Each structure stands twice: as C-alpha cells, then as structure tokens.
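Reader: I'd like to go through the labels people put on a model and ask what earns them. Shall we take a look?

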Amino acid sequence: ANIKHYKCQVEGERSFHLSTVQAHIDERARYEYFLLALGGRLSRNTIRSDLNGSGAQSYLRGVYLTTGDQHSDISAVVKHKLPKGKSSQKFYGVADGQSHGVFQGKIIVEENAQKTQANQLNRGLLLSPDSEISSKPELEILADDIKCGHGASVGDLDSDAVFYLRSRGISEKSARHMLVVA
C-alpha cells in the first residue's frame, strides 16, 4: 500500500486549530504526509506514525508560517517496531512579528527494529527580533544495527546574503523575500 496525505491548514486570525493524525503502516507499506500550516491564532498539529511491519516506510514533511501573535505547534512521532523500516521527518518554519513556532519531533526505534534507517531535520527562520522558534528533536534508539540522524537549526536571515543580493541591484524587500522562499 502507498498513500500520500496532504493537509493545508488555513485559519482566520482568531481561530484555534487542534488536530491529530494517526497512521499505522504495515509490512512494505509507505505513508507520505505533508502539512502546510498557515493562519490561526493557535494551531497544534500532531502526527503519529507507527511502523508495524517489516520494511514499512513513513515520510513526514511540513512547513509553518506565523506572523503577528500567532502560535503554531507541530508534534511528530514515528515509532519503528520491526526491522528494515525507513522514516524521515523534515519540518521548516518561518516566524515574523511576535509569533512563536514550535517543533517537537521524536523517532523511536524499538529493540526488534534492526536495520532501521531514520532521519530528522528541523529548520527555523526568524524574521523579526520578537519572533521565537522552539525546536526539540529526539531520537530514542533501543536497537543496535541502525542508521539514524537528526539536526536542528534556528536563526535569522544571513546579512551577508542580503548584502550580496542588494549589491546586484535587488531591493532589500525583494532580497529578503528571495531568501525566505529559498
């Protein structure tokens, strides 16, 4: 089995959005999830993916954009239960104004899940001095024959990159926009 699941979460400025997605992936099945989180005063998206069969695969991706006083929280958990599973978590965030973005990701590799391959990446971009992004990547590994890795970074736009684009005749607003989109 192979399923691709896309979610676009667009809410009004004062709305609250709470959701949970639970996926159970059996032998040699593949689950792909993509989240675009926009809008809402408060949004919390929880994604849980249990790899219950040998060779099961889970790929969780997402982007959140916050501005004003918005708060976006993404929690992603992948649990490898049997051998030869593959998973990936990649989430990106952009925060402006006084907004706050949160990513909590966890990959669990149980003792029986030998030959697992799992990766996790979280990147955040701060566009104002009052914006905030919190990142909490986690790996819990109980097996010994695996390939797993994780990384996280949060920062503002590179002033050298903005300068470089500006020195080529691009306005500051356009240069910043180009770097955010990139």
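Author: Let's start with a cut-off: a salt bridge is a side-chain nitrogen of Lys or Arg within 4 Å of a carboxyl oxygen of Asp or Glu. Keep in mind that this is a predicted model.

Reader: Why is the contact of Arg41 and Asp69 called a salt bridge?

Author: Their N to O distance is 3.3 Å, and the limit is 4 Å, so the pair qualifies. Arg41 sits in the loop between β3 and β4, Asp69 in the loop between β5 and β6, and they are 28 residues apart.

Reader: What makes Arg41 buried, exposed or partly exposed?

Author: Its relative accessible area is 32%. Buried means under 20% and exposed over 50%, so Arg41 is partly exposed. Asp69, at 42%, is partly exposed by that rule too.

Reader: How do you know that Arg48 and Asp50 form a salt bridge?

Author: The closest N and O atoms are 3.4 Å apart, which is within 4 Å, so the label holds.

Reader: And why is Asp50 called buried?

Author: Because its relative accessible area is 6%, and the cut-off for buried is under 20%. Its partner Arg48 is at 26%, so Arg48 counts as partly exposed.

Reader: What makes Glu32 and Arg30 a salt bridge?

Author: Their side chains meet at 2.8 Å, N to O, so they pass the 4 Å test. Glu32 has 21% relative accessibility and Arg30 has 29%, so both are partly exposed. In the whole structure, the search finds 10 salt bridges.

How values were computed:
Residues numbered from 1 in each chain as written. Predicted model: local features only at pLDDT ≥ 70, side-chain atom pairs only at ≥ 80, totals over all residues. Heavy atoms only, no water. Buried < 20%, exposed > 50% of the residue type's maximum accessible area, 1.4 Å probe, protein only. Helix = DSSP H or I, 4+ residues; strand = E, 2+ residues; numbered from the N terminus.
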